[in-house]
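Subject: Handover of a structure and summary of findings

Dear colleague,

Please find below the structure that I am handing over to you. A summary of what was found in it follows directly after.

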Amino acid sequence: MSQDNNNSNHHATEQTNTYVPPKVWVQDKENGGKFASINRPTAGARYEKALPVGDAPLQLYSLNTPNGVKANILLEELAEIGVKGAEYDAYKIDISKGDQFGSGFVAINPNSKIPALVDHSTDTNGEPIAIFESGAILMYLAEKFGKFIPVSIGKARADCLSWVMWQMGSAPFLGGGFGHFYAYAPEPLEYPINRYTMEVKRQLDVLDTHLKENEYLCGNTEDDYNIADMIVWAWYGQLVLGKLYEAAEFLQVDDYKHVKRWAQKIAERPAVKRAVDLALTPID
């Protein structure tokens with residue numbers, strides 16, 4: 001057979017193996033990966049299950065993932081400085097078992113993601129206040145207690161909110177993008193791994209450049225430590241400290257020396273140490 005024919009057959013084989021999206025997507029099989037057994041393209045409760053409610057004014061339903069650790073950190077920082085009314089009970093929502101799809105959890109978070117918080121100290125028309133999305137929880141608690149967020153309109157508050165929103169917009173590229181394809185996908189694929197690795201490294205460079213001139217994200221004094229540091233540290237701080245996806249060497253995190261210095265300093269805080277290993281009560 002000629003070389004031209006061999007090349008033609010090879011090209012045809014490549015075309016045959018290339019995925020072609022259908023005109024209309026349907027879920028006709030599991031897509032593989034770590035969470036394939038619980039993923040569905042629909043929202044809402046899948047079974048009836050009430051959530052436990054403790055005696056503390058704040059009830060946290062979560063897991064010690066990066067998004068969950070954000071809420072843990074602020075609650076423990078509030079406890080560290082003795083803020084009254086910030087006491088909380090913490091319950092484990094095991095996302096690998098589908099706890100997030102129980103009717104009680106869906107009632108407080110229709111998006112079925114952790115963390116979720118219920119504030120029983122301030123009722124609205126006799127109902128406790130439920131808050132979902134980690135960024136919303138941190139802003140709610142920081143503003144409720146007047147701690148770890150600049151309260152006056154101005155540069156300090158603008159800086160804090162800018163970095164909070166930066167994290168909320170950037171972390172999906174780290175978690176759902178890089179983390180999924182590098183650590184959880186059923187097989188390694190070059191294109192998505194390269195695509196999201198490039199973006200994660202760009203984000204780390206953004207942080208490293210900023211932290212070269214700043215001790216914390218919003219300044220250089222202890223008073224400048226705020227929810228922006230907490231929310232970014234839970235993802236990017238833990239990443240450069242080798243706590244996420246076993247990807248520290250792959251991402252060459254030691255190159256981001258200013259991020260690493262900042263991450264190590266925050267990791268040494270007593271409240272943060274407690275937060276990353278927070279004991280959560282199973283809901284069963």
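I begin with one helix pair. Helix α6, which covers residues 190–211, packs against helix α9, residues 257–267, at an angle of about 75°, and their axes lie 7 Å apart. Because angles of 65 to 115 degrees count as roughly perpendicular, α6 is roughly perpendicular to α9. On the α6 side the contact is made by L204, L207, D208 and L211, and these meet K257, H258, V259, R261 and W262 of α9. Sorted by class, this contact of α6 with α9 comprises five nonpolar residues, one polar residue and three charged residues. Please note that the model is predicted.

For the chain as a whole, the protein has ten helices and five strands. Its C-alpha atoms fill a box of roughly 80 × 50 × 30 Å along the principal axes. The chain has 284 residues, of which 43% count as buried. Among the contacts with a separation of 6 or more, 70% are between residues 24 or more positions apart.

The pockets may be of particular interest for your work. How much space lies in the largest pocket? The volume there is about 1,500 Å³. The lining of this largest pocket consists of 48 residues, and those closest to the centre are F35, N67, I95, K113 and W235. Three elements give two or more residues to this lining, namely α2 (66–80), α5 (155–184) and α7 (227–240). Which of the elements gives the most to the lining of the largest pocket? That element is α5, with eight residues. By class, the lining of the largest pocket has 20 nonpolar and 20 polar residues, together with eight charged ones.

The second largest pocket has a volume of about 360 Å³. The residues that line the second largest pocket are Y19, P22, V24, W25, V26, Q27, D28, K29, E30, N31, N39 and R40. In terms of class, the lining of the second largest pocket is made up of five nonpolar, three polar and four charged residues.

To recapitulate the two pockets, the largest has a volume of about 1,500 Å³, and the second largest has about 360 Å³. Eight charged residues belong to the lining of the largest pocket, and four charged residues to that of the second largest.

With kind regards

Notes: Residues are numbered from 1 along each chain as its sequence is written. This is a predicted model: local features need pLDDT of at least 70, side-chain atom pairs count only at pLDDT 80 or more; totals for chains, interfaces and linings use all residues. Side-chain values use heavy atoms; hydrogens and water are left out. Axes are lines fitted to C-alpha atoms, for helices over the stretch in contact, and angles run from 0 to 180 degrees between N-to-C directions. Helices (H or I, at least four residues) and strands (E, at least two) are DSSP runs, numbered from the N terminus. Angles under 35 degrees count as roughly parallel, over 145 as roughly antiparallel, 65 to 115 as roughly perpendicular and the rest as oblique. Contact means heavy atoms within 4.5 Å. Ala, Val, Leu, Ile, Met, Phe, Trp, Tyr, Cys and Pro count as nonpolar, Asp, Glu, Lys and Arg as charged, and the others, Gly among them, as polar. On a 1 Å grid over the protein atoms alone, a cavity is a set of points where a 1.4 Å probe fits but cannot get out, and a pocket is an open set with protein on both sides within 12 Å along at least five of seven lines; lining residues have an atom within 4 Å of a point. Grid points are joined across faces, edges and corners, and a volume is the space filled by probe spheres set on the points. Buried means under 20% relative accessible area, exposed over 50%, partly exposed in between (1.4 Å probe, protein chains only).
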